[in-house]
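Good morning, everyone, and thank you for making room for me in today's meeting. Please have a look at the sequence and the structure on the screen before I begin.

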Amino acid sequence: MAIPAISLPTNITVTATITANSSFKKLNKTPIKPFNSTIKSLTKSGKLDEALLLLESQRSSQIDIESYSDLLHACISKKSVEHGHRLYIHLLLNSNRSFLNDPLILSKLITLFSVCDQLDEARRVFEHGLGKEDRPESVWVAMAIGYSRKGRFREALMVYSQMLFRSVEPGNFSFSMAVKACSGISDLRVGRAVHAQIIKADKEPDQVVYNALLGMYTECGCSEDVLKVFEEMPERNVVSWNSLIAGFVKKRQVFEAFETFRRMQNEGVGYSWVTFTTILAICSQVTYLYYGREIHSQIVKSTKIPDLVLLNSLLDMYAKCGAIEYCRRVFERMKYRDITSWNTVINGYAINGLMGEAIKSFDEMVSDGVRPDGVTFIALLSGCSHAGLADLGEELFESMTGDFGIRPSLEHYACLVDILGRAGKIKEALQVVEKMPVKPRGSIWGSLLNSCRLHGNVSLAELVAEQLFEMEPNNCGNYVMLSNIYANAGMWEGVKKVREMMDNKGIKKEAGCSWIQVRNKVHTFVAGGGFEFRNSDEYKEVWDELSEAIEKMGYKPDTRVVLHDVSEETKAEWICGHSERLATVFGLIQTGSGIPIRVTKNIRICADCHSWMKFVSKITRRKIVVRDTNRFHHFDQGKCSCNDYW
């Protein structure tokens, strides 16, 4: 059989030059019995050059398969393609080439070349090794994993299909590889087909296969299938539980994810850093600071050293729960920081209204030699937008390209349009949209529509809304914003028209909802709801005391925020039922004096509630932190961190 052609690096010689020094002569005279032991010893010590030199000097009959296997394993561990090529050439030129037909050696050669980014070479070994009819499962799977490792999942599945066509019976090794490849491309149809093969197989699937199925169904968003597979598993490990939690997160089933985490702890399963990273991400989304601190305490108590991904998740949790001082404290204690660490802190300062600290951190990052990326500037530009820093925002946008060579994305342009529009520079904002190198999307037009709302520009709002209705016909927010613009202008016919459009398309306005975590329980309030709480003696007593006190200080309800054509009395009554107020009063009742009140709202806080919060913070001498869809509002002593610009 002809020796297949192979591509060699220029610094590799086909045959080793045997030097005549005395030390090598001694090695060459090593008795046959301890010869393989010497190779193994050199391999374990990482002395691959010496091990290969010794191997190349001996007759093939003196070398056992373990020596080749150990050497290949060491090459894979070190990702040393040069030593791997030398060993492969030695096998090709050897008179006894039976080792090249050994499945273990063949699999390791394929693995070596694939981990060293030489997939073509791996494929060549695969094609010219054993005959196609004789390849065992391990060789097929090694080739398929090589493709998967480089993200070429369809080619991996093609190898799996070819294996089945050759009547090679798949085992757990093949099944786990195929299921993971389906996860890589979120191919539920093929994934279910492989799952059917697993069920029909004679051999019971192992835990790796079960975990792969959990991961595949999680990736495809099939939470019911995830739960079903999980319940069917004879044994579960940390990976299994992590997959179940991730499945709930994928479906935004936050409470189910937390319940699973609690169940996991109660059953004494333990945890991994992936577990904590996933739970911290949920805490960031729904501002569960209590749970986040609990995770932090477990990290501190652990004897293991937390990885960078976990610490970055911890930073993000504190930043997005409004506890920016803790975020900074964790950041300063980190031994290693990457660009994500810096971006998280910068964004944390920006969303919490501390743009001075955000810019300071940005300067520190640059001076430390960390080059900013596009995410850095999205955080800074967004912060400038909500802080009313138009000049600084424009300056940062220019420096992004001029000083750092970062090409602006749609998100950057959306931030710039928002900065200019909020500042009343709507003409300049339109010029940016017209000169953009790419076609503007919904986020750009949405920023313009919001600017029209802030500055009462009805005519432009109608034109922008037309664009948005065409691009995003089912986006509720665009219809609501145009309706609000009409209502602010007293154009009730326009409001009626927009609502009819929403009714005809089956689009419903998202109800205002706020939640507050007191100790280990989350309490949710909906605008106009919470009747049981509002009718309680505790609520009435606190509400009446607050109302009387803030009225004496000059508070008057701003009924303009009620965008319905009803009486002033009805408007005032509706304002009292806004969800963020109910959550705040609940927090005042349920928490001790001096403890900050932390409320999260699913939509933007209204101007009157914003004013009410300032008065309440002054009367009660309590800090009130409200996170809405735009940013954080830190109310303290009658003032807000946003300086009434948001």
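I will go through the strands, then some charged residues, and then a few single positions in the chain.

Please keep in mind throughout that what you see is a predicted model.

Let me begin with the sheet. Strands of a sheet pair through backbone hydrogen bonds, either parallel or antiparallel. In this model 6 strands form an open sheet, and if you follow them across, the order is β2-β1-β3-β4-β5-β6, with mixed pairing. The strands at the edges are β2 and β6, the latter covering residues 639-640, and each of these two pairs on one side only.

Two of the pairings deserve a slower look. Strand β1, residues 513-518, runs antiparallel to strand β2, residues 521-526, and 6 bridges join them. If you want one position to find on the screen, take Trp-515, whose bridge partner in β2 is Thr-524. These two strands, β1 and β2, make a hairpin with 2 residues between them, and in that turn Arg-519 has a positive phi of about 55°. Further along the chain, strand β4, residues 624-627, pairs with strand β5, residues 632-636, in the antiparallel sense, and here there are 4 bridges. An example from this second pairing is Arg-627, whose bridge partner in β5 is Phe-632.

Now I turn to the charges. Side chains of opposite charge can pair when their charged atoms come close. How many salt bridges does the model contain? The count comes to 20 salt bridges, and I have picked out three to describe.

The first on my list joins Glu-127 and Arg-135, with their closest N and O atoms 3.7 Å apart. The two partners can be described by their accessibility: Glu-127 is partly exposed because its relative accessible area is 29%, whereas Arg-135 counts as buried because its relative accessibility is 4%, which is under the 20% limit.

The next one is formed by Glu-231 and Arg-263, and the closest N and O atoms are again given as 3.7 Å apart. Glu-231 lies in helix α13, residues 223-232, and Arg-263 lies in helix α15, residues 254-266, so this pair ties together parts that are 32 residues apart in sequence. Glu-231 counts as partly exposed at 41% relative accessibility, and Arg-263 counts as partly exposed at 31%. This pair also belongs to a network of salt bridges that links Glu-231, Arg-236, Arg-263 and Glu-267.

The last of my three is the salt bridge in which the side chains of Glu-394 and Lys-425 meet, at 3.5 Å from N to O. This pair, too, links distant parts of the chain, since Glu-394 is in helix α23, residues 390-402, while Lys-425 is in the loop between α24 and α25, and the two are 31 residues apart. Glu-394 counts as partly exposed at 30% relative accessibility, and Lys-425 is partly exposed as well, with a relative accessible area of 25%.

There is also a group of like charges to point out. Which residues form a negative surface patch? They are Asp-537, Glu-538, Glu-541, Asp-544 and Glu-545. Of these, Asp-537 is found in helix α31, residues 537-552, and Asp-537 counts as exposed because its relative accessibility is 65%, which is over 50%.

Let me finish with some single positions. Is Ser-483 buried or exposed? Ser-483, which lies in helix α28, residues 476-488, counts as buried, at 6% relative accessibility. The C-alpha atoms of Ser-483 and Glu-493 are separated by 9.9 Å, and these residues are 10 residues apart along the chain. Lys-335, by contrast, is exposed, with a relative accessible area of 79%, and Lys-335 is found in the loop between α19 and α20. The C-alpha atoms of Lys-335 and Leu-308 are separated by 9.5 Å, with their positions 27 residues apart along the chain.

Finally, two residues have a positive phi without being glycine. Ser-167 has a phi of about 65°; Ser-167 lies in the loop between α9 and α10 and is exposed, with a relative accessible area of 67%. For Asp-644, phi is near 60°; Asp-644 lies in the segment after β6 and is partly exposed, with a relative accessible area of 45%.

How values were computed
Residues are numbered from 1 along each chain as its sequence is written. This is a predicted model: local features need pLDDT of at least 70, side-chain atom pairs count only at pLDDT 80 or more; totals for chains, interfaces and linings use all residues. Side-chain values use heavy atoms; hydrogens and water are left out. Patches are made of residues with over 30% relative accessible area and no salt bridge: like charges are joined within 9 Å, nonpolar side chains (Val, Leu, Ile, Met, Phe, Trp, Tyr) within 5 Å. Accessible areas come from the Shrake-Rupley method with a 1.4 Å probe; for residues, only the protein chains shown count as cover. A salt bridge is a side-chain nitrogen of Lys or Arg within 4 Å of a carboxyl oxygen of Asp or Glu. Lys and Arg count as positive and Asp and Glu as negative; His and the chain ends are not counted. The place of a charge is taken as NZ of Lys, CZ of Arg, CG of Asp or CD of Glu. Buried means under 20% relative accessible area, exposed over 50%, partly exposed in between (1.4 Å probe, protein chains only). Two strands pair if DSSP finds at least two bridges between them.
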